[in-house]
Structure formats: structure tokens, C-alpha cells
Amino acid sequence: MIMATLTLAADGWRTPVLVALALGALAVLWSYRAAGTGPRHWGCAALKLAGLTLLALCTLEPQWTRPRVRPGANLFAVVADNSQGLQLTDAGATESRAAQLAGWLDPARQAWPQALAETFDVRRFTFDTRLQAVESFDGLAAEGRASALGSALDSLSSRFRGRPLAGVLVFTDGNATDWTSLPADLPPLPPVYPVVVGAAGPAVDLSVQRVTVAQSAFEDAPVTVTAELAARGMDGRPLAVRLIDPAGKEIERQDLAAPSDGPAAVRFELKPSEPGVSFYRLEARLVDELAAPESPTAEATLANNHQVVVVTRGRGPYRVLYVAGRPNWEYKFLQRALQADREIDLVALMRMAKREPKFDFRGRAGESGNPLFRGSDIQAREQAGSYDQPVLIRLNTRDELELKAGFPSEPEELFGYRAVILDDLEAAFFQPEQAVLLQRFVAERGGGLLMLGGMESLHEGGYHRTPVGDVLPVYLDRTGESAAPPGPVTFDLDREGWLQGWARLRPTEVGERARLDAMPPFQVLNRVRGVKPGAGVIANAKDASGSAAPALVVQRFGRGRSAALTVGDFWRWGMRRAEVRPDFEKAWRQLVRWLVTDSPDRVEATATTDPADPGGAVRLQVRVRTERFEPLENASVKIEVAPVTFGAAPATEPPLSLTAEPSLEDPSLYEATYLPRRTGGYRARALALNPSGAEEGRAEVGWNSDPAAEEFRSLTPNTTLLEDLARRTGGRVLRPDDLDAFVRELPSTKAPVTEMSSEPLWHTPWVFLLAVACFIAEWGWRRTQGLP
């Protein structure tokens with residue numbers, strides 16, 4: 001409120017009036033002093049002096065002077081929420097929130113809109129995904145997909161910057177989809193006066209609050225979908241939560257009782273039948289309504305009962321390079337285990353004989369090949385190898401050129417694999433540049449490295465202070481200890497191993513412990529001094545005395561990951577009994593899958609949505625790399641985006657082709673923006689071509705566009721947010737019943753454009769009547785008391 005000041009229009013007469021008032025006061029006091037000095041005499045004197053003072057004040061023409069809002073010179077914004085959240089009907093209400101809001105804004109039913117227009121230049125707006133100016137609120141349909149309150153206020157601030165905006169009257173439930181809480185850096189705004197739409201919320205409703213997808217290398221169910229449900233007014237009623245594929249087939253269903261207090265969690269474990277991007281629909285309904293889908297629902301809305309789940313599984317096969325120092329049983333069982341996995345392609349490079357020194361006499365006359373292969377079908381020079389080179393055998397190669405020169409020496413060849421497994425191979429096998437390249441393979445390319453125990457592995461293989469040893473998760477500077485422990489050792493999971501799905505083979509702890517107890521004892525163990533900081537011990541090897549040594553250790557290294565399996569005869573597990581061999585093979589598959597997980601492709605696509613963007617625009621990014629995993633510049637990237645439909649529903653939106661533009665910050669990054677037009681899942685396929693027009697690779701990504709899930713996440717008005725907004729802008733929260741009184745107060749509040757208003761007091765009736773009343777009271781009191 002603006003404070004008024006008292007001014008005197010005839011201020012030039014102040015001195016004569018004060019002199020006359022002083023003389024009159026002296027005369028009154030002298031006369032009453034001569035008549036007596038009792039309390040009754042002084043009371044009558046006070047009344048007469050008060051009357052004389054009022055008359056003297058009127059002589060000076062006093063008036064109230066205050067600034068007031070200049071009519072029509074200031075702007076005032078009235079903003080109404082037009083989102084789907086206002087379609088709800090609160091418990092005990094007879095009409096929806098949207099209908100109530102329409103009644104509050106109707107000038108034919110309310111007096112405050114006309115009173116506000118008499119003083120201010122009123123501008124009307126609605127907002128959902130964006131702010132929109134309107135002439136009136138007659139067309140308020142409450143069909144917007146979001147409540148972008150933050151974006152609307154930011155647009156108002158920009159639109160009226162530098163203009164006399166006196167205030168903003170906002171009608172909303174406060175459930176902003178672009179704000180979870182009030183940001184610290186609010187745009188410059190005049191006082192904001194929120195009017196809360198809605199009460200405590202609907203009586204009955206079921207909603208899917210949040211869905212998370214977790215993926216692991218666990219073979220039976222590599223994908224875990226967890227949904228959090230919230231229920232109102234459904235205490236104990238039976239619910240059905242279903243997972244449905246795009247063909248309309250029910251993958252899994254779980255029945256539960258509606259929670260009475262707090263959320264309920266439902267978990268699904270599934271194995272997608274196809275690699276790549278898969279879509280599922282997670283739906284929660286009352287069981288009785290699910291059985292009668294045509295009957296009316298008891299819930300406030302069904303828009304928050306489902307969400308689209310996006311599962312991204314890589315497209316194999318993923319190539320893994322196995323390098324062994326000698327033929328052994330480990331490769332036999334590893335190769336047999338991975339044959340059953342369509343996503344893994346194992347390529348082997350096995351040394352049959354070590355490098356031999358050159359001699360002057362090389363076997364028979366005219367013989368230049370290695371005599372080891374004499375009489376065999378591989379006596380040819382390019383296959384048999386010469387004396388100063390190791391004898392290597394290639395298995396399951398893509399063509400005759402792959403690994404022809406032995407272990408790769410160039411990034412283009414090595415970086416084509418997802419993981420490398422080293423088995424019983426000494427560090428001297430690698431040339432210095434090959435060892436550095438293997439380190440780069442993990443740190444820069446993001447590949448996986450696994451070293452198996454053996455006679456020439458880890459410390460015994462001389463990997464201490466080598467580039468490969470730096471990658472491993474264990475310290476290799478152990479000296480003075482034997483590689484073999486005192487007696488056999490047993491394999492047991494460590495605490496970290498119990499937490500990793502890929503390290504377990506059973507869904508329960510009891511079953512997993514029984515499985516571990518059935519494993520055979522192992523005879524070969526490469527002991528290490530300890531594990532490096534940040535590494536995790538998955539399993540331990542325990543001897544008869546109970547002392548434990550790390551058996552399986554893993555860690556992140558750069559962009560990739562590394563592991564060390566210190567047991568040198570892991571193959572014994574596969575030779576124990578035929579009935580335990582499936583567990584042995586499954587353990588190998590899960591370990592190798594973990595090794596290749598998160599290893600990037602040359603072409604990768606991602607889709608991200610900015611939560612602060614009210615329109616739900618999706619930012620598509622495609623990263624393109626060369627065979628050396630270096631940024632590929634000047635590439636041509638095309639993206640095709642198509643919606644995903646469920647069941648027999650027809651596609652409501654045709655596929656759209658986009659051209660990704662190069663990023664100014666990252667030479668390997670190409671970007672495009674897509675604005676979804678409907679709610680549901682979307683799939684984007686990217687094709688990358690190099691400058692010469694040859695294909696570099698393809699990538700696929702999926703996402704879910706569901707603004708209604710955010711809009712209906714909370715059905716109770718967010719009064720805390722609105723109170724904080726009003727406090728920080730200098731306004732206050734209003735009730736609908738307060739609007740008339742509030743508008744009447746506005747002309748007396750602060751505004752950008754004001755004018756001075758004067759109200760004379762000297763000729764107002766109450767001043768004259770008060771002076772006459774003082775004289776009458778003095779005369780009457782004097783008469784009744786018998787005073788002269």
C-alpha cells in the first residue's frame with residue numbers, strides 16, 4: 001500500500017492562525033482558571049480547545065496527498081493455465097477444475113474483471129507448452145500437454161521488458177512440468193499473484209510415477225524394468241500391472257493390492273527376443289476395470305496409468321579377440337560356451353611354438369619353413385612361419401587377411417574388436433608399440449581386457465611396469481612367493497560379486513551358494529600383492545587354511561574396463577560333471593558379455609530431452625568415428641524418425657527424414673532437433689556416410705515422449721511452489737473469493753506509472769461536525785455540572 005501524507009494548501013496563513021489559536025487558548029484557560037481548578041473545569045476547557053483547534057486547522061485548508069495508479073497507463077497480465085491437469089475433478093467438487101476456472105474468469109459472472117480493466121490495460125494469456133495471447137478466456141479448453149509455468153513467466157518477462165507491467169495474476173494448480181522447484185535465478189518480474197486452482201485432489205486415482213530400465217550381462221533376464229506406482233483412495237483394491245509389446249502381446253503380468261500409504265514398486269525381468277531398440281507398454285489398472293474395459297472408470301484420469309518403456313540392446317555379433325601363448329583346455333571350453341551366444345564372435349590367435357633363434361643350418365637343403373610343420377598341409381611359407389617368428393594359428397577369422405601378420409600393430413585392425421582376452425601369454429610377446437596400442441584400446445577406444453591366470457600371466461609373465469600391466473586392476477610387483485598356493489583353492493564370491501548380476505548364476509542366494517559349493521577346487525593360482533584403488537574384487541580363492549586371495553578383479557580404465565582372473569585352471573569346472581557344464585558355460589558367457597558391455601560403436605546415436613523445454617523437443621546426436629576411433633569430419637548423417645504404435649492402432653504420424661548438422665564444439669558430433677507431435681514411443685535410425693559417400697555405419701535410438709506423465713504426476717496443487725513464487729516477486733497467494741477485494745486495493749498499490757491525488761479535509765462534513773460536537777459537549781457538560 002502507498003502511504004498518504006498530510007499537506008496544508010493555505011500554508012502561508014500558518015503563523016497568524018497559530019497566533020490566534022494561542023490567544024484563544026490563553027483566553028479559555030484564563031476564564032476557566034478564574035472559575036475554578038477542578039477536573040470538571042479542565043475537561044470543559046479541553047473540549048473547547050479541541051473545537052478551536054479543528055476550526056483553526058480548517059482555516060489552513062488541510063488535505064490528504066497520495067500517489068495513485070494512473071488509470072490506463074499501466075499494464076496488468078492475467079494468465080490462465082490451459083493444461084490437461086485442469087480436467088480433473090477434486091474430491092467433493094461438482095465440476096472440474098477447468099469449469100471452476102472458467103467461472104472465475106467469466107466477466108458476466110464476476111465483477112473483478114471489469115473493475116481491473118477500469119484501472120489497468122489488461123492483457124490476457126493462456127499457457128500450456130507455451131504462452132499465448134488471447135482476447136478472452138471463452139475458448140479455455142484445458143487440452144494442453146504440459147504446464148510450462150516457468151517458460152510462461154520467462155516469456156512474459158521478455159515480452160514486457162521496459163514496459164509498465166504492474167503485476168501478473170496467474171490461475172494455475174502449480175504443478176509445473178518445467179519446474180520441480182523455484183529456480184534461484186528468476187527472470188525480472190513484477191509482483192505475481194497466484195490463484196490456486198484445485199483443492200486436495202481427486203478421491204480415486206492410480207498412476208505410474210516413474211519407470212527405470214537397468215541392463216546387465218545376466219543371461220536369463222538381462223533387462224530389469226522397475227515401475228513405481230501411487231494410488232489414492234484404493235486401499236487394498238486388486239491391481240494388475242502388465243508389460244505389453246508393440247504387437248499387443250502381454251509379456252508379463254503382476255497382480256498386487258493397492259498400497260494404502262506410500263508408493264509400491266513392481267519389477268519385471270525380461271530378455272528381448274531381438275537385438276537393438278525394443279519398445280514395451282507398461283500399464284497399471286484396477287483388475288475389475290481391466291476385465292470390463294468399456295465400463296466407465298472410477299479414476300480421475302487414465303492418462304497417468306501407462307508409460308512406454310524403451311530398451312536398448314546392442315546389435316551384435318561383438319567380436320572378441322582371444323590370444324593364447326599355447327594350446328590349452330581353456331580355449332576349448334570358452335569357444336564351446338560362446339558358440340551358444342549369437343551376440344559374441346570369438347576370434348582366436350594361438351601360438352603353437354615360440355620364436356626360435358636363427359641358425360646357419362635350417363633343416364633340409366632348400367627348406368625355409370619351420371620343420372615343425374614338415375609333412376603337413378601348411379608347409380607353405382606364408383602359413384608355416386620362419387625360424388625367427390612365433391608359430392601362430394588363426395581360428396574363426398573373418399577372411400584370410402585378418403590377423404595374418406599376427407597380433408595387430410595398427411589401431412584400424414585392433415579397434416575393430418570389442419574385447420581382448422590374454423591367456424598364458426608373456427609380456428615379451430608384444431612389441432613395445434603393440435603393448436601401447438593395447439593400452440589405448442582400453443583407455444581410448446573403450447574396449448575390454450581380460451587376462452587369465454597361468455604360467456606366463458600377470459607377475460609370472462613379466463607384466464610389471466608395462467603398458468598392459470598398467471591397465472590391469474591388480475598390482476604385479478609381487479616377489480619371493482610361489483605362484484601355486486599351498487594346496488587346492490575354492491572359488492567364492494566377494495561382497496561386490498553378490499551385487500553384480502553378471503557374476504551370479506542363480507536368482508536366489510540359497511541357490512547361488514549351492515552352486516558355489518558344487519564347484520571343483522582349483523590347483524593353479526597367480527597370487528598378486530593386492531588390488532588397485534577403485535578396483536572391485538568379484539571373487540576370492542580360499543585355501544584349506546581359510547586365507548583368501550583375489551580370484552576375479554575388475555576395474556574401469558579410461559573409457560573401457562579390465563579384469564584379471566588369477567585362477568589358471570578354470571577349465572576344471574567344465575570337466576567336473578556333465579550336469580554342471582551348463583553353469584560353467586553360462587559363467588563364461590556372462591563374463592564376456594560384461595567385458596563388451598558399454599564398449600562404444602564407431603557410429604552411435606543418442607536422444608535427449610531438456611526437462612526445461614515445454615515443447616518436448618528432442619535433441620538427436622550422432623557421433624561418427626573413423627576406424628582409428630578418431631572424429632570423422634565432413635560426414636553426411638541422415639536420420640529417419642518414426643513413431644511406434646502398439647497393437648492394431650494405425651500410425652498417426654508418417655516417418656520424417658532429418659539431416660544432422662555438425663556440432664561446433666565436437667568434430668565427431670552431428671545434431672538434429674525433432675519435435676514430437678504425439679504421445680508415445682519414437683525410433684530414430686541414423687546412417688553415416690564419409691566424404692567420399694561410402695557408408696561408415698548405422699545407429700538406432702529410441703525414446704518416449706509423454707508430457708502427460710509429467711502433467712499428471714501430482715494431482716494435488718503445488719501450493720508450496722506458488723507461495724514461494726509470490727514471496728520472491730513481492731506478491732501474495734489469493735483465493736478466488738479474494739479477487740474482488742484485491743482488485744479494489746490495486747489502485748492504491750505501487751505501480752510503474754502513478755499520479756498525485758489530493759483529497760481536501762477542511763470542507764468535509766465530519767471535520768465541521770466534530771468541531772461543533774466539541775462545543776456542544778463543552779456547553780452541555782458545563783450546564784449539567786452547574787458551572788458558570
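Visitor: Which residue in E31 is the bridge partner of Arg-683?

Guide: This is a predicted model, where local features need pLDDT of at least 70, side-chain atom pairs count only at pLDDT 80 or more, and totals for chains, interfaces and linings use all residues. Residues are numbered from 1 along each chain as its sequence is written, and side-chain values use heavy atoms, with hydrogens and water left out. Strands E30 (680–689) and E31 (695–705) pair antiparallel over 10 bridges (strands are DSSP runs of E, at least two residues, and helices are runs of H or I, at least four, numbered from the N terminus; pairing takes at least two DSSP bridges). Opposite Arg-683, the partner in E31 is Gly-702.

Visitor: How many residues of E31 are buried?

Guide: Buried means under 20% relative accessible area, exposed over 50%, partly exposed in between, with a 1.4 Å probe and protein chains only. Strand E31 is mostly covered, and of its 11 residues the buried ones number 8.

Visitor: Which residue takes a positive phi in the hairpin of E30 and E31?

Guide: The hairpin has 5 residues between the strands. The phi in question is near 95°, and it belongs to Gly-693.

Visitor: Which strands stand at the edges of the open sheet?

Guide: The sheet has 4 strands in the order E24-E25-E29-E28, paired antiparallel. Each edge strand has a single partner strand, so one side is left without a neighbour in the sheet; these are E24 and E28.

Visitor: Which residue in E25 does Ala-607 stand opposite?

Guide: E24 and E25 (618–624) run antiparallel, joined by 7 bridges. Opposite Ala-607 in E25 stands Leu-620.
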